[in-house]
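Student: I'd like to go through this predicted model with you. Can we start with the ligand and ask what backs up each label?

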Amino acid sequence: MNDKKTVFSGIQPSGKITLGNYLGAVKNWVDFQEDCRCIFCVVDEHAITVRQEPAKLRAQTFELLAQLIACGIDPEKYEDTVLYIQSHVPQHAQLSWLLNCYTMFGELSRMTQFKDKSSKYSDNINAGLFTYPVLMAADILLYKTDIVPVGIDQKQHLELARTIAQRFNGVYGDTFTVPEPFIPKAGAKIMSLSEPTKKMSKSDSNENGYILLADTPDVINRKIKRAVTDSEALVCRRDDKPGVNNLMTIYSIAAGKTDEEIVKEFEGRGYGDFKTAVAEALIEMLRPIQEKKDYLLQNKDHLEKIYTESAKKAEWLASRTLEKVYRKVGFVAKGK
Ligand code: TRP
């Protein structure tokens with residue numbers, strides 16, 4: 001093994017990736033591959049804590065894998081990257097059971113996501129919903145993870161994973177690496193196109209508010225055309241112009257231009273021209289990603305090869321941690 005740091009993240013196979021997810025999170029993960037060992041896992045076991053339609057869950061799992069690879073999370077390109085499906089590596093569920101016995105009922109009761117989800121899904125408050133953070137701790141701790149890139153909504157779960165690791169280490173001696181959260185630097189925060197003071201989110205009831213990585217050129221053109229701006233017809237960044245600021249951020253990333261260059265380019269021109277340029281740049285940025293994703297979904301053998309090889313590597317790493325943990329708690333080793 002080398003001394004690269006290990007990054008782990010789990011991604012729910014729910015819905016689609018928005019431009020906001022891509023620029024705010026996925027791109028960071030892509031960059032981590034340059035100097036870290038990266039373990040990315042599509043967490044289908046977490047997904048079933050709320051009711052899923054089987055065919056849809058399966059399709060979304062394939063779709064997410066293809067989308068992530070297309071975005072550049074690529075085990076074929078980076079030999080220290082793995083991208084696999086959680087249920088393919090049984091050690092996640094196995095360690096999760098064990099860690100359940102080192103997690104307090106009171107701790108789980110305080111998780112805000114549990115409280116939110118149990119009021120939202122009040123007809124299905126199952127035990128899995130309650131112990132969800134323990135499975136997440138198992139995901140992370142199996143791989144001696146140093147860094148976990150998470151959104152702010154997952155910070156409390158990560159804190160709990162740290163508590164569980166420290167508790168176990170306290171009883172049995174140094175066993176688990178205690179992970180650190182990685183909260184992305186202030187950078188590309190993409191706002192809703194229809195209400196630019198709110199974050200871009202696919203749970204927005206107005207589908208014109210967000211752009212999906214899978215949106216076709218027509219759809220992108222339409223959504224950008226409808227994006228809320230202001231009545232000033234002046235392309236520049238200013239606190240009281242959230243809509244224009246947001247389009248400038250998107251354009252700056254998609255076209256690789258600075259704010260200054262953008263302001264100059266659209267001096268004396270209206271928002272119509274600006275929006276056309278934003279949409280075109282965005283379509284061009286997304287085109288190769290969409291092509292790669294479509295290729296993978298049409299060539300499932302290739303996709304299968306990637307996630308299967310990754311799962312084997314992950315299982316090897318995970319089994320070493322699990323064996324060590326089993327030994328520490330006093331389980332008898334399997335015969336050879
Ligand atoms: N709970 C995370 C979410 O909903 C997904 C997740 C599962 C995860 N296991 C993880 C994230 C481990 C980071 C590390 O987004």
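Student: What makes a residue part of the group around the ligand, and which are the closest?

Tutor: A residue gets in if one of its heavy atoms lies within 4 Å of the ligand. In this predicted model, 13 residues surround the ligand, the closest being Gln 12, Tyr 132, Met 136, Asp 139 and Gln 154.

Student: How do you know that Tyr 132 makes a polar contact with the ligand?

Tutor: Set the distance against the cut-off: the N or O atoms must be within 3.5 Å. A ligand nitrogen is 2.7 Å from an N or O atom in the Tyr 132 side chain, so the pair counts as a polar contact. The Gln 154 side chain passes too, at 2.9 Å from a ligand nitrogen. For Gln 12, the pair involves a ligand oxygen, at 3.4 Å, and that is still within 3.5 Å. As for cover, the protein takes up 89% of the 360 Å² of accessible area that the ligand has on its own.

Student: Which element gives the most to the shell?

Tutor: Helix 7, with four residues. Strand 1 (5-11) and helix 7 (127-141) each supply at least two. By class, the shell has seven nonpolar, five polar and one charged residues.

Student: Moving on to helix 4, why do its buried residues line one face?

Tutor: Those with under 20% relative accessible area are Gln 91, His 92, Leu 95, Ser 96, Leu 98 and Leu 99. Looking down the axis of helix 4, they fall within an arc of 165°, so they line one face.

Technical notes: Residues numbered from 1 in each chain as written. Predicted model: local features only at pLDDT ≥ 70, side-chain atom pairs only at ≥ 80, totals over all residues. Heavy atoms only, no water. Polar contact = N/O pair within 3.5 Å; in protein donor to acceptor, adjacent residues only side chain to side chain. Areas by Shrake-Rupley, 256 points an atom, 1.4 Å probe, with all protein chains shown as cover. Nonpolar A, V, L, I, M, F, W, Y, C, P; charged D, E, K, R; others polar. Buried < 20%, exposed > 50% of the residue type's maximum accessible area, 1.4 Å probe, protein only. Arc of directions from axis to C-beta.
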